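The following exercises concern the sequence and structure shown below. Each task is followed by a solution that proceeds step by step.

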Amino acid sequence: NTRSLSLLGLGAMGTALAAAWQDAGYALTVWNRTPGRATALADVAPAAVAVPTVAEAVAASRLVVVCLLDDDSVGEALADADLTGKDLVNLTTSTPAQARARAEWACERGARYLDGGIMAVPPMIGAAGSGAYVFYSGSRGLFEAHRDALSAPAGTNYVGEDAGFAALHDVALLSAMYGMFSGVAHAFALIRKEEIAPTDLAPLLTSWLTAMGQSVGSMAGHLEDGDYTTGVVSNLAMQVAGSATLLRTAEEQGVSTELLTPYLTLMKQRLAAGHAEEDTTGVTDLLLR
Ligand code: NDP
């Protein structure tokens, strides 16, 4: 029955998922390690049937969705479960290697396996127009068979048969986000002691970052064709020369350069290796171990 599923894990995310599936008309069987969580669930998904054991939850549906704290908790919770013939979707955050190992583990137990990386916070789940989506990777057959159910709580983006790819995409996006956050933290620190309101700087930062976001596509193009040359426009020689002003300004403003220097140091390294005419794409190569 494709209109029913079992969900293991009623944390903040599991509860939001349960509410979204119930709103979409799915019959839900739920399990949580601490039974008390089912009480909170009664408010958002009153028709969900809470069962006391993992075995009962797994037996109730072909589609079994897991959303627990980490990969260890998934192994622990499903240690004795009979997964034969099940379609296991793991929305627990993990690393690519953990996801690949979990896929093999599920396969050995007779299940099809799909890994997911959720690009949303719980309030975005099931909210139309929130932009929430989930990266999926692993069994394409499972993804196709349950596409409707998987589309109910959030958008879907299937990124390949390699079970590690969902986690890899998830972490790539999050890592880029922290780079952006670190730049924003530095920018706010620069003006913090001045008569410039952070709320005045904010829209300027947002539109600047949005405009600069265009460079992501050109960097990708460079990485694919192997030619990082940008010519005279904003080349590495110019950017490294300009970086002295960034460091000096931080010093003048009494702001630590600890978030800024790692990136600038790599730009300098790439320049020193003779790549003055390139843009900053070559920094990527310097990171590879
Ligand atoms: P919570 O901390 O709210 O819930 C954790 C859940 O895992 C609870 O149901 C908890 O059960 C269960 N759990 C923990 N350890 C074990 C164990 N050893 N055995 C069985 N169950 C266990 O986390 P979230 O719901 O927010 O997150 C769940 C997953 O979703 C995580 O992997 C998280 O990274 C991911 N995610 C969360 C996002 C968010 O913004 N919240 C965003 C994107 C992904 P109990 O109630 O008994 O403690």
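**Exercise 1. Determine which residues come nearest to the ligand, and how the shell around the ligand is composed.**

Step 1. There are 22 residues around the ligand, and Gly11, Arg33, Thr34, Ser73 and Thr93 come nearest. A residue is near a molecule if its C-beta atom, placed from the backbone, lies within 6 Å of it.

Step 2. The elements that contribute two or more residues to this shell are α1 (12–23) and α4 (71–77). Helices (H or I, at least four residues) and strands (E, at least two) are DSSP runs, numbered from the N terminus.

Step 3. By residue class, the shell holds 10 nonpolar, 8 polar and 4 charged residues. Ala, Val, Leu, Ile, Met, Phe, Trp, Tyr, Cys and Pro count as nonpolar, Asp, Glu, Lys and Arg as charged, and the others, Gly among them, as polar.

Two conventions apply throughout. The model is predicted: local features need pLDDT of at least 70 and side-chain atom pairs count only at pLDDT 80 or more, while totals for chains, interfaces and linings use all residues. Residues are numbered from 1 along each chain as its sequence is written.

**Exercise 2. Describe the overall dimensions and the sheet of the protein.**

Step 1. The C-alpha trace spans about 65 × 45 × 30 Å along its principal axes, and the protein has 13 helices and 8 strands.

Step 2. Of the 289 residues, 34% are buried. A residue is buried if 20 or more other C-beta atoms lie within 10 Å of its own, exposed if 12 or fewer, and partly exposed in between, with C-beta atoms placed from the backbone.

Step 3. The 8 strands form an open sheet with mixed pairing, in the order β3-β2-β1-β4-β5-β6-β7-β8. Its edge strands, β3 (49–50) and β8 (155–158), each pair on one side only; two strands pair if DSSP finds at least two bridges between them.

Step 4. Strands β1 (residues 4–8) and β2 (residues 27–31) run parallel and are joined by 5 bridges. Serine 6 is placed opposite threonine 29 in β2.

Step 5. Strand β4 (residues 63–66) is parallel to β5, with 4 bridges between them, and leucine 63 stands opposite aspartate 87 in β5. Both faces of β5 are covered: Asp87 and Val89 are buried on one side, Leu88 and Asn90 on the other.

**Exercise 3. Establish how α5 and α8 lie across the sheet, and what covers the buried residues of α8.**

Step 1. Helix α5 lies across β5 (87–90), β6 and β7, at about 150 degrees to β6. Helix α8 lies across β6 and β7, at about 10 degrees to β6. Axes are lines fitted to C-alpha atoms, for helices over the stretch in contact, and angles run from 0 to 180 degrees between N-to-C directions.

Step 2. In α5, the buried residues include Pro96, Ala99, Arg100 and Ala103. The buried residues of this helix pack against α4, β5, β6, β7 and α8.

Step 3. In α8, Phe165, Ala166, Ala167 and Asp170 are buried. Their cover includes α5 (96–108), β6 (112–119) and β7 (133–138).

Step 4. The 27 residues of α8 (residues 165–191) should span 39 Å at 1.5 Å a residue, and the end C-alpha atoms are 40 Å apart, which agrees. The expected span is 1.5 Å times one less than the number of residues.

**Exercise 4. Is alanine 167 buried or exposed? Is glutamate 251 buried or exposed?**

Step 1. Alanine 167 lies in helix α8. Because 27 other C-beta atoms lie within 10 Å, alanine 167 is buried.

Step 2. Leaving aside residues up to four places away in sequence, alanine 167 touches Ser94, Thr95, Pro96, Ala99, Asp115 and Gly117. Contact requires C-beta atoms, placed from the backbone, within 7 Å.

Step 3. Glutamate 251 belongs to helix α11 (residues 236–252). Because it has 11 other C-beta atoms within 10 Å, glutamate 251 is exposed.

**Exercise 5. State what is notable about the phi of serine 234, and where this residue is placed.**

Step 1. Serine 234 has a positive phi of about 50 degrees, although it is not a glycine.

Step 2. Serine 234 is in the loop between α10 (215–225) and α11. With 13 C-beta neighbours inside 10 Å, serine 234 is therefore partly exposed.

Terms used
Two residues are in contact if their C-beta atoms, placed from the backbone, lie within 7 Å.
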